[in-house]
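Thank you all for making the time this morning. I would like to take you through a single chain, beginning with the overall picture and then going on to a few places that deserve a closer look.

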Amino acid sequence: MGTTYQRILGLRAIRRYSERSLEAADLRQVLEAARWTGSAKNRQNWSIVVVDDPDQLARLKECAGFGGPLSAAPVALALVQEGAAYEFDIGRMAQNIMLAADDLGLVSCPVTLHKNEEARQVLGIPEGRHCRYAIALGYPGPASQPARAGGRKPLEEIVHRNRYGG
């Protein structure tokens, strides 16, 4: 199998980052990968707030139940649903961001912003838009290599044919 397949199988959420600032070229490539994500009816009903100010990252961290990666990373990408966007499309964009980051030697961690209204206020997002997810992004820190977790459930436990339980 190709390298894309191997990257998908090996992708892990990393919560420790180097203090090194993100190179502008690396950030731009990640943002391009996000921009090229497919969406329902090609609506592209999303935008991204790039957060790189440490104080703003700390405020954003408070909008999440487990937001530590947001204040530990040099950059967070807050994924904004514009109007009637589908969460599925935002999820696709998040995966593109994480895979592109991995390809560039960056590490990432998705974070759910449980306090949506607070996140909207912290980020200055206008009414009618929604920000539920952010991606912490940076270069790997000295101890950021993922432990190989317990793997995944067997396919037989999660795949059903024609009907659930079939």
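What follows is a short walk through this chain, from the whole to the particular.

Please keep in mind throughout that this is a predicted model. The secondary structure of the protein chain amounts to seven helices and four strands, and if you read from the N terminus onwards, the elements come in the order α-α-β-α-α-β-α-β-α-β-α.

As to overall dimensions, the C-alpha trace spans about 50 × 40 × 30 Å along its principal axes. The radius of gyration is 17 Å, and because a compact globule of 166 residues would have a value near 15 Å, the two agree. Of the contacts in the chain with a separation of 6 or more, 77% are accounted for by residues 24 or more positions apart. Buried residues make up 36% of the 166 residues, while the accessible surface comes to about 10200 Å², with 50% of that belonging to carbon and sulfur atoms. On the matter of charge, the mean positions of the 21 positive and 18 negative charges lie 7 Å apart.

Let me turn now to strand E2, and ask how many of its residues are buried. For this strand, which covers residues 75–82, the count is eight of the eight, so E2 is largely enclosed by the rest of the structure. In a regular strand the side chains alternate between the two faces of the sheet. In E2 both faces are covered, with Val 75, Leu 77, Leu 79 and Gln 81 buried on one side, and Ala 76, Ala 78, Val 80 and Glu 82 buried on the other.

Which strands pair with E2? Strand E1, residues 46–51, runs antiparallel to E2 and is joined to it by six bridges, and within that pairing Val 51 stands opposite Ala 76. Strand E4, residues 129–138, also pairs with E2 in the antiparallel sense, in this case over eight bridges, and here Val 75 is the residue that stands opposite Leu 137.

Two helical positions can be related to these strands. Gln 56 has its place in helix H3, residues 54–61, and with a relative accessible area of 16% it counts as buried, because that value falls under the 20% cut-off. If we leave aside its neighbours within four places in sequence, Gln 56 is in contact with Val 51, Val 122 and Leu 123; Val 51, you will recall, is the residue opposite Ala 76 in E2. The second position is Gly 91 in helix H5, residues 87–103, which at a relative accessible area of 38% is partly exposed. The C-alpha atoms of Gly 91 and Leu 79 are separated by 9.3 Å, the two residues being twelve apart along the chain.

Finally, I would draw your attention to the loop between helix H2, residues 24–35, and E1, where Lys 41 is found and where Asn 42 lies as well. Most residues other than glycine have a negative phi. Lys 41, although not a glycine, has a positive phi of about 55°, and Asn 42, again not a glycine, likewise has a positive phi of about 55°. Are these two residues buried or exposed? Lys 41 counts as exposed at 69% relative accessibility, and Asn 42 counts as exposed too, at 51%.

Terms used: Residues numbered from 1 in each chain as written. Predicted model: local features only at pLDDT ≥ 70, side-chain atom pairs only at ≥ 80, totals over all residues. Heavy atoms only, no water. Helix = DSSP H or I, 4+ residues; strand = E, 2+ residues; numbered from the N terminus. Rg over C-alpha atoms; globule rule 2.2 N^0.38 Å. Buried < 20%, exposed > 50% of the residue type's maximum accessible area, 1.4 Å probe, protein only. Contact = heavy atoms within 4.5 Å. Areas by Shrake-Rupley, 256 points an atom, 1.4 Å probe, with all protein chains shown as cover. Lys, Arg positive; Asp, Glu negative; His and termini not counted. Charge placed at Lys NZ, Arg CZ, Asp CG, Glu CD. Pairing = 2+ DSSP bridges.
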